[in-house]
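Reader: I should like to go through this model from its fold to its pocket. Please show the sequence and the structure before we begin.

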Amino acid sequence: MQAPTYGTVSWFQIGTDDPETVKRFYGDLFGWSFAADPDNGGKYDLITYPGAQAPSGGIAHTDGDAPNHAIFLVLVEDVAAVAAQTEEIGGKVLMPPTTTPDGLVFGHLLDPSGNHFGVFTPPSGG
């Protein structure tokens, strides 16, 4: 399997306070399958398309602590640099670069029109 290219939409996330209903909906609609992410304590499910070799997205369990959402995430080499450039060219940083225990770095941004998207760099070796 070829690794995604920097600057491409390489992940998506659906955030919901009702993950079971969302899984049932997208599973029935598109045939997606779901597996609990072992690194997130039951708060995130990985989404795999039929015939895919690896997950392409996830469902974040918000428990009502955050708005329900669906966003795309772009693979980048340096999340902090992209966050800084976003502000320089008229966007905003919603969530500054954050590193997970396994080394994934991500941030949430707004484009000048107010559209929410994310950027990420996988853990080293990932």
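Reader: How many helices and strands does the protein chain have?
Author: In this predicted model, the elements run β-α-β-β-β-β-α-β-β-β from the N terminus on. The protein chain thus has two helices and eight strands.

Reader: Why is the protein chain described as being as compact as a globular protein of that length?
Author: The globule rule gives 14 Å for 126 residues, and the radius of gyration of the protein chain is close to that value, so the chain is as compact as a globular protein of that length. The C-alpha atoms fill a box of roughly 40 × 35 × 25 Å along the principal axes. The radius of gyration itself is 15 Å.

Reader: Which residues form the largest nonpolar core?
Author: Helix 2 (79-88) and strand 8 (116-121) each supply at least two residues of this core. Leaving aside neighbours within four places in sequence, Ala83 is in contact with Val93, Pro97 and Leu109. The seven residues of the largest nonpolar core are Val74, Val76, Val79, Ala83, Leu109, Phe117 and Val119.

Reader: Which strand supplies the largest share of the lining of the largest pocket?
Author: Strand 3 (44-48), strand 4 (57-61) and strand 8 are among those that each supply at least two residues of the lining. The largest share, four residues, comes from strand 1.

Reader: Which residues lie closest to the centre of the largest pocket?
Author: This pocket has a volume of about 1500 Å³. Its lining residues divide into 23 nonpolar, 15 polar and five charged. Of the 43 lining residues, the closest to the centre are Trp11, Asp37, Tyr44, Leu104 and Phe120.

Conventions: Residues numbered from 1 in each chain as written. Predicted model: local features only at pLDDT ≥ 70, side-chain atom pairs only at ≥ 80, totals over all residues. Heavy atoms only, no water. Core = buried A, V, L, I, M, F, W, Y, C linked by side-chain atoms within 4.5 Å. Buried < 20%, exposed > 50% of the residue type's maximum accessible area, 1.4 Å probe, protein only. Contact = heavy atoms within 4.5 Å. 1 Å grid on protein atoms, 1.4 Å probe; cavity = no way out; pocket = protein on both sides within 12 Å on 5 of 7 lines; lining within 4 Å. Points joined across faces, edges and corners; volume = space filled by probe spheres on them. Nonpolar A, V, L, I, M, F, W, Y, C, P; charged D, E, K, R; others polar. Rg over C-alpha atoms; globule rule 2.2 N^0.38 Å.
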